[in-house]
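I opened my notebook for a friendly look at a new model. My plan was to start with the ligand site and then turn to one residue in a loop.

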Amino acid sequence: GTERKHRDLSIPDISFDDIGGQERAKKELKEALDFLIHRKQIDSYGIRPIKGILLAGPPGTGKTLMAKAAARYTDSVFVSASGSEFVEMYVGVGAQRIRQLFREARRRAKRSGKKSGVVFIDEIDAIGGKREGGTQHREYDQTLNQLLTEMDGISSDQEIQLLVIAATNRKELLDPALLRPGRFDRHIEVDLPDKRARKQILQLHMRNKPLDEKVDLDKVAAETFGFSGAQLESLANEAAIYALRDGEKKIGPQHLSAAIDKVMMGEMTDRKATR
Ligand code: ATP
């Protein structure tokens with residue numbers, strides 16, 4: 001409807017309740033965010049404000065969802081970029097894009113009457129990988145330097161408070177400059193879901209789907225060891241497609257079994273492709 005059409009995309013509609021499992025990660029993240037929410041008090045104790053949070057973990061485990069939920073939890077606007085966008089850029093363009101991103105966050109926050117903004121950078125390793133030897137010239141050093149400059153420029157007396165959240169699945173590859181105090185000095189590990197979490201994630205993605213009562217989600221959770229949240233989301237979607245193809249009104253156990261196979265096969269072909 002019109003409501004949706006006029007929704008500001010920089011105000012995310014994901015909350016922590018939309019993220020299945022990840023209890024520890026959510027708790028750690030909320031604790032860090034509470035610092036941001038109570039920044040006046042934190043300031044009066046002379047505590048350094050949190051500027052950067054690093055989410056580390058395998059692909060598809062909900063890091064982007066966590067960053068969006070963080071924005072909503074702190075009543076902030078949300079802007080994002082992916083490190084992979086910067087890889088092929090000409091010298092200087094990446095740095096300019098970083099500058100724009102931070103400017104955009106401040107501008108959107110002002111426009112929507114918010115006091116804070118979350119800048120999310122996915123695949124940070126693509127811009128913040130370790131500099132080998134230190135002498136080698138890399139086009140993306142400028143991008144990384146610009147990011148560090150922007151982060152160093154964040155202070156608690158600004159009109160719009162920014163928080164940078166970055167995600168990576170290769171934390172060990174990050175340049176130590178990014179991990180220094182005042183930069184990404186809070187690390188939160190986001191892991192693959194265990195059985196209980198897999199069930200929760202399946203339930204979340206089945207919310208809007210007609211599920212036959214014969215389906216035992218505990219069993220499905222047990223059979224999906226090693227699946228990420230993103231794979232569970234695909235599984236729910238594929239199962240619904242199989243039910244539709246069969247002309248069934250409800251998603252039955254056979255549709256889920258077929259979907260598990262399909263997602264597992266997809267995973268295998270993906271692995272071959274990246275080898
Ligand atoms: P990547 O590292 O590949 O960018 P990510 O960790 O950022 O992955 P998301 O983009 O947050 O993962 O997740 C992709 C999709 O998978 C989400 O949009 C959601 O549908 C589903 N998903 C992942 N994790 C969860 C979760 N914990 N709960 C519910 N849905 C999830």
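My entries on the ligand and on one loop proline follow.

**Entry: the model.** I noted at the start that this is a predicted model.

**Entry: the shell.** I looked up which residues surround the ligand and found 16 of them. Gly 20, Gly 60, Lys 63, Thr 64 and His 205 come nearest. I then sorted the shell by character, and it divides into 5 nonpolar, 7 polar and 4 charged residues. I also asked which helices contribute: α4 (63–73), α10 (195–206) and α12 (229–245) each supply at least two residues of the shell.

**Entry: polar contacts.** I went through the oxygen atoms of the ligand next. One of them lies 2.6 Å from a polar side-chain atom of Thr 64. For Leu 65 the partner is a polar backbone atom, 3.1 Å from a ligand oxygen. Ala 230 likewise offers a polar backbone atom, with a ligand oxygen at 3.4 Å. On its own the ligand has 630 Å² of accessible area, and the protein covers 79% of that.

**Entry: the pocket.** I checked where the ligand sits among the pockets, and the space it takes is the largest pocket.

**Entry: Pro 12.** I moved on to the loop between α1 (2–5) and α2 (23–37), where Pro 12 has its place. Is Pro 12 buried or exposed? Its relative accessibility is 8%, so Pro 12 counts as buried, the cut-off being under 20%. Last, I looked up Pro 12 against Glu 223: they are 211 residues apart in sequence and, C-alpha to C-alpha, 32 Å apart in space.

Definitions and conventions. Residues numbered from 1 in each chain as written. Predicted model: local features only at pLDDT ≥ 70, side-chain atom pairs only at ≥ 80, totals over all residues. Heavy atoms only, no water. Near = heavy atom within 4 Å. Polar contact = N/O pair within 3.5 Å; in protein donor to acceptor, adjacent residues only side chain to side chain. Areas by Shrake-Rupley, 256 points an atom, 1.4 Å probe, with all protein chains shown as cover. 1 Å grid on protein atoms, 1.4 Å probe; cavity = no way out; pocket = protein on both sides within 12 Å on 5 of 7 lines; lining within 4 Å. Sits in = over half its atoms within 2 Å of the grid points. Helix = DSSP H or I, 4+ residues; strand = E, 2+ residues; numbered from the N terminus. Nonpolar A, V, L, I, M, F, W, Y, C, P; charged D, E, K, R; others polar. Buried < 20%, exposed > 50% of the residue type's maximum accessible area, 1.4 Å probe, protein only.
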